[in-house]
Amino acid sequence: MIDLLKAVLAGIAVSVGGAIWLSLVGSSPVAGALLFSVGLLSICVLGFDLFTDRAGLLADPPGGSARDYALSLVRVYAGNLIGAIWAGTGILATRLGPSLSEAAVDLTIVKLTDGYMSQFLLAVFCGMLTFIAAECYRRGKDPLSKVVPVTLCAAGFLLAGFEHTVVNAFIYTLSGGLFTPQGRMSLLFTTVGNVIGALVVSLPLFKLLDE
């Protein structure tokens, strides 16, 4: 239950960062992307569980059992989506709802009219950056070496247009695209891409560390 709660809180944290980013994406996209990192930094500092980071640990599962870790990863994924959907639904009930929904609709049109292979590849790159950010935070020796990589990787994947499953779940909730066939397929392809991207970094990294 605690693991699920940490995953839900991670989904909410990402969504809070996403709300900040959406509020600035039209006027100050760089500032919005940098401030989005508040969500990822909160996850790292408070020890919440984010799917796009935890997926990379499949290369060297904590506890040693790949099967048990994969099952826990499913719970993390579900919790992240629950948190993102809850946060998006909550924001729609506030005065911020109309403006953020409008920004989300514009992004959703771009994402859902893109090809699935494009979405998948963009998600691979996002998975790489997200895992690098989290691993740098875990291995950083001082606050600067922890905070800077997280901030730059988070801002980088947004500015580049890479696809993050949990961010997309939040955006699609605001736009109404989450439960459309295109929205579900988009999440499927970005989920697989995020996992592969995290593993592209973690597999050789952990191999090198073992040698």
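These legends accompany close-up views of a predicted model.

**Figure 1. Helices α5 and α8 cross one another.** Here we look at helix α5, which spans residues 97-112, and helix α8, which spans residues 165-175. Their axes come within 8 Å and cross at roughly 115°. The crossing of α5 past α8 is left-handed. On the α5 side, the contact is made by Leu100, Ser101, Ala104, Val105, Leu107, Thr108, Lys111 and Leu112. The α8 side brings Asn168, Ile171, Tyr172, Leu174 and Ser175 to the contact. Sorted by character, the residues of this contact divide into 8 nonpolar, 4 polar and 1 charged.

**Figure 2. Helix α8 is largely enclosed by the rest of the structure.** Stay with α8 for a moment and look at its surroundings. The helix is described as largely enclosed because 11 of its 11 residues are buried. Among these buried residues are Asn168, Ile171, Tyr172, Leu174 and Ser175, which also take part in the contact with α5. Thr165, Val166, Val167, Ala169, Phe170 and Thr173 of α8 are buried as well. Just after the helix comes Gly176, with a positive phi near 85°.

**Figure 3. A network of salt bridges links six residues: Asp49, Asp53, Arg54, Glu135, Arg138 and Arg139.** Side chains of opposite charge can pair when their charged atoms come close. In the whole structure, a search finds 7 salt bridges. Begin with Arg54, which forms a salt bridge with Asp49, the closest N and O atoms lying 3.0 Å apart. Arg54 also forms a salt bridge with Asp53, and there the closest N and O atoms are 4.0 Å apart. Both acidic partners are buried: Asp49 has a relative accessibility of 9%, and Asp53 has a relative accessible area of 7%.

**Figure 4. Arg138 and Glu135 pair within helix α6.** This view moves to another part of the network. Arg138 forms a salt bridge with Glu135, and their closest N and O atoms are 2.6 Å apart. Both residues lie in α6 (residues 116-139), separated by 3 residues, about one turn of the helix. An α-helix has 3.6 residues a turn, so residues three or four places apart point the same way. The two partners have their own levels of exposure: Glu135 is buried, with a relative accessible area of 7%, whereas Arg138 is partly exposed at 35%.

**Figure 5. The cysteines shown here include Cys44, which is in no disulfide.** The count of disulfides comes to 0. For Cys44, the nearest cysteine sulfur is that of Cys136, 10 Å away. Cys44 is partly exposed, with a relative accessible area of 21%. Turning to Cys136, its closest cysteine sulfur is in Cys153, and at 6.2 Å this sulfur is too far for a bond, because a disulfide needs the two sulfur atoms within 2.5 Å. Cys136 is partly exposed too, at 29% relative accessibility.

**Figure 6. Val8 sits in helix α1.** Our last stop is in α1, which covers residues 2-24. Val8 is buried, with a relative accessible area of 17%. Leaving aside neighbours within four places in sequence, Val8 is in contact with Gly79, Asn80, Ile82 and Gly83. Thr180 offers a sense of scale: Val8 and Thr180 are 172 residues apart in sequence, and their C-alpha atoms are 23 Å apart in space.

Methods. Residues are numbered from 1 along each chain as its sequence is written. This is a predicted model: local features need pLDDT of at least 70, side-chain atom pairs count only at pLDDT 80 or more; totals for chains, interfaces and linings use all residues. Side-chain values use heavy atoms; hydrogens and water are left out. Axes are lines fitted to C-alpha atoms, for helices over the stretch in contact, and angles run from 0 to 180 degrees between N-to-C directions. Helices (H or I, at least four residues) and strands (E, at least two) are DSSP runs, numbered from the N terminus. A crossing is left-handed if the near helix is turned anticlockwise from the far one by less than a right angle, and right-handed if clockwise. Contact means heavy atoms within 4.5 Å. Ala, Val, Leu, Ile, Met, Phe, Trp, Tyr, Cys and Pro count as nonpolar, Asp, Glu, Lys and Arg as charged, and the others, Gly among them, as polar. A salt bridge is a side-chain nitrogen of Lys or Arg within 4 Å of a carboxyl oxygen of Asp or Glu. Buried means under 20% relative accessible area, exposed over 50%, partly exposed in between (1.4 Å probe, protein chains only).
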